[in-house]
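Visitor: I would like to take a close look at one single part of this model. Could you guide me through it slowly?

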Amino acid sequence: MKRLYQMKTAAVTAAVILTSLALFYFGTAGCIDIGLSDRLNQRESVTNKKIYIIGIDDKTLEQYGPVNTWSREIPAQLVSVLNGTDGVRPAVIAFDVIYSEEADKEADDAFARVCGEAGNVVAAMSFSFKEQPEQGADGRIIYNPYHVDYVIEPYDSLKKEVVCGFANTFVDTDGYVRQAMAYLDHEGERAYSLSSQVYKLYQESRGEEAVFPAVYGRNNRFYFTYSGKAGGYSVVSMADVLDGTIDPAIFQDAVVLVGAYAVGMQDAYMPAIAHNSQMYGVEIHANIIEALLEGKTQLPISPLAYALAAALLCGVFYVCSEKMRMLYATILLAVLTVLDLVFVKVMYGNGRIVPTILVPVCMLVIWLVQLARGYLAEIMRRRRVVDVFKQYVAPQVVDKISKDKDFELVLGGENRHIAVLFVDIRGFTTMSESLAPEEVVEILNEYLGLTTQAIFNNGGTLDKFVGDATMAVFNAPFDLDDYIFRAVMTAWDMQAGAERIAEKFRERYGKTVSFGIGVNCGNAVVGNIGCDFRMDYTAIGDTVNTAARLESNARPGQILISAEVYEAVKDRVDVTPIGEIPLKGKSNGVFVYQVKSVRRQGVTEET
């Protein structure tokens with residue numbers, strides 16, 4: 001049994017491993033999980049005041065026209081203004097605009113010359129990726145989604161004078177930006193992203209080394225934490241810088257990013273820090289640069305390692321939940337969920353992306369399984385108890401206890417008007433002396449089965465077996481229509497059935513028995529009689545005693561009823577008056593009738 005339990009635990013643990021891996025890799029669960037991670041970990045906290053954005057905004061477009069019509073003299077003028085004062089210049093000027101085509105050669109060369117003289121300009125380029133099969137190091141063919149199809153670079157004269165960085169923005173499958181590419185090896189050379197190039201030059205300007213974060217995947221990606229939402233960085237209009245409204249001295253030793261800041265330029269994305277809102281690409285670069293400067297980058301945890309750890313934790317929870325009450329299992333689930341969220345938060349702060357809800361979801365599934373299993377086990381246990389209990393107690397009483405919410409199984413009773421029937425096998429003691437025990441039990445079971453079925457068929461309650469006698473009550477524990485006549489009909493059915501099975505035992509054993517039956521009605525105390533740990537649902541009182549005395553006075557095959565019973569059913573039975581007979585324990589006699597026939601649904605039944 002223990003081994004079976006261990007196998008079950010191992011099977012559940014294995015299932016959790018597979019489930020964790022499946023949820024981690026496939027479907028929308030991963031998107032939901034990383035989205036919750038965003039809400040838990042992405043917090044606005046711009047700490048680097050040395051990052052500025054010069055926006056090509058609506059004001060700039062109104063003054064200078066669409067960007068694609070600009071002469072290169074405009075960006076050249078901007079570089080000159082920013083670097084115009086001796087000793088007062090930005091550390092880095094980065095253009096998030098790709099100047100790929102030559103237009104006016106004189107203006108193009110002027111722009112390239114100004115940038116070269118400044119020595120602090122980074123220009124944007126772009127890779128166009130295309131999924132393509134490639135041969136891996138082990139000789140297998142794999143599909144690379146980041147194969148470079150072609151490159152869009154600055155025009156030649158500008159490319160020679162500036163540092164270039166690719167400005168591609170990488171969007172996750174759920175549509176949000178939370179990853180960046182540090183660099184890409186292309187045609188034997190390492191190309192850095194725009195943000196990486198700006199980070200390198202800024203660190204060099206400060207005399208510090210640029211330390212790039214650990215990356216993963218074929219495209220050298222890393223996760224980053226946003227520092228600001230849309231508008232979180234200092235943004236000034238390019239038009240205000242060019243016309244002198246903004247003093248260029250504010251940009252001294254700072255990072256200056258020049259890029260689209262107008263809706264019509266179609267350079268906006270969904271940032272992980274603020275779901276359902278948009279952020280311009282130049283602001284995303286600002287966040288990536290600050291993440292590199294502040295060390296706010298992360299890598300995803302190994303899926304296999306996480307799945308194994310999750311399986312271990314869920315396996316422990318499974319074993320614990322098996323051995324404790326559901327209340328304690330629920331508390332344990334809540335505690336482990338909180339600890340999981342704390343762990344996720346701590347790991348994120350230490351540079352690791354850990355799934356947020358996979359472990360709580362797996363444990364919740366285990367909890368639900370345990371809850372359902374416990375519920376089903378309780379139903380089965382109650383059903384088994386009820387089925388067994390019905391063999392000893394009237395089914396109506398068992399059903400009342402198991403279904404009626406108002407029923408209380410406590411000591412005490414109520415005064416009810418009931419009909420009581422006693423039936424006893426005549427000649428059973430003498431017969432049992434001459435038969436084998438097995439034969440006696442067979443005969444007894446046959447007759448008791450007959451009495452029980454007759455009681456149930458007429459809606460009565462089987463109170464108890466007393467040796468070879470049976471006691472039944474009618475109109476308890478529930479109200480029963482026409483219960484006195486039902487008691488008489490039960491006696492009649494018992495007598496008729498006894499005649500049918502008597503012949504069977506006469507042929508088999510050469511012996512036969514018959515019933516003596518007594519029926520009475522009146523008030524009695526009905527309820528649970530006994531003590532707290534052992535009680536019996538029964539009826540007590542003079543009405544019951546009188547019924548028992550009537551049965552003891554009945555001859556074989558005789559049904560005796562009291563005068564009270566006769567008065568209630570006299571229009572449906574034919575009787576023979578026996579007269580008043582003394583009953584043991586009673587000072588006055590009881591007038592008794594013998595039932596000769598009954599009329600059930602208009603049909604007269606006679607002996």
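Which residues of H7 are buried?

Guide: Let me begin with how the model is read. This is a predicted model, in which local features need pLDDT of at least 70 and side-chain atom pairs count only at pLDDT 80 or more, while totals for chains, interfaces and linings use all residues. Residues are numbered from 1 along each chain as its sequence is written, and side-chain values use heavy atoms, with hydrogens and water left out.

Now to the helix itself, where helices (H or I, at least four residues) are DSSP runs, numbered from the N terminus. The buried residues of H7, buried meaning under 20% relative accessible area with a 1.4 Å probe and protein chains only, are Leu 194, Ser 195, Ser 196, Gln 197, Val 198, Tyr 199, Leu 201, Tyr 202 and Gln 203. Because 9 of its 12 residues are buried, H7 is largely enclosed by the rest of the structure.

The length of H7, which covers residues 194-205, can be checked as well: the expected span of a helix is 1.5 Å times one less than its number of residues, so the 12 residues of H7 should span 16 Å, and this agrees with its end C-alpha atoms, which are 17 Å apart. Just after H7 comes Gly 207, which takes a positive phi of about 75°.

For a buried residue in a strand (E, at least two residues), turn to Ser 128, which lies in E3, residues 121-135. Ser 128 has a relative accessible area of 18%, so this residue counts as buried. When residues up to four places away in sequence are not counted, Ser 128 touches (heavy atoms within 4.5 Å) His 147, Val 148, Asp 149 and Tyr 150.

Note on methods: Buried < 20%, exposed > 50% of the residue type's maximum accessible area, 1.4 Å probe, protein only.
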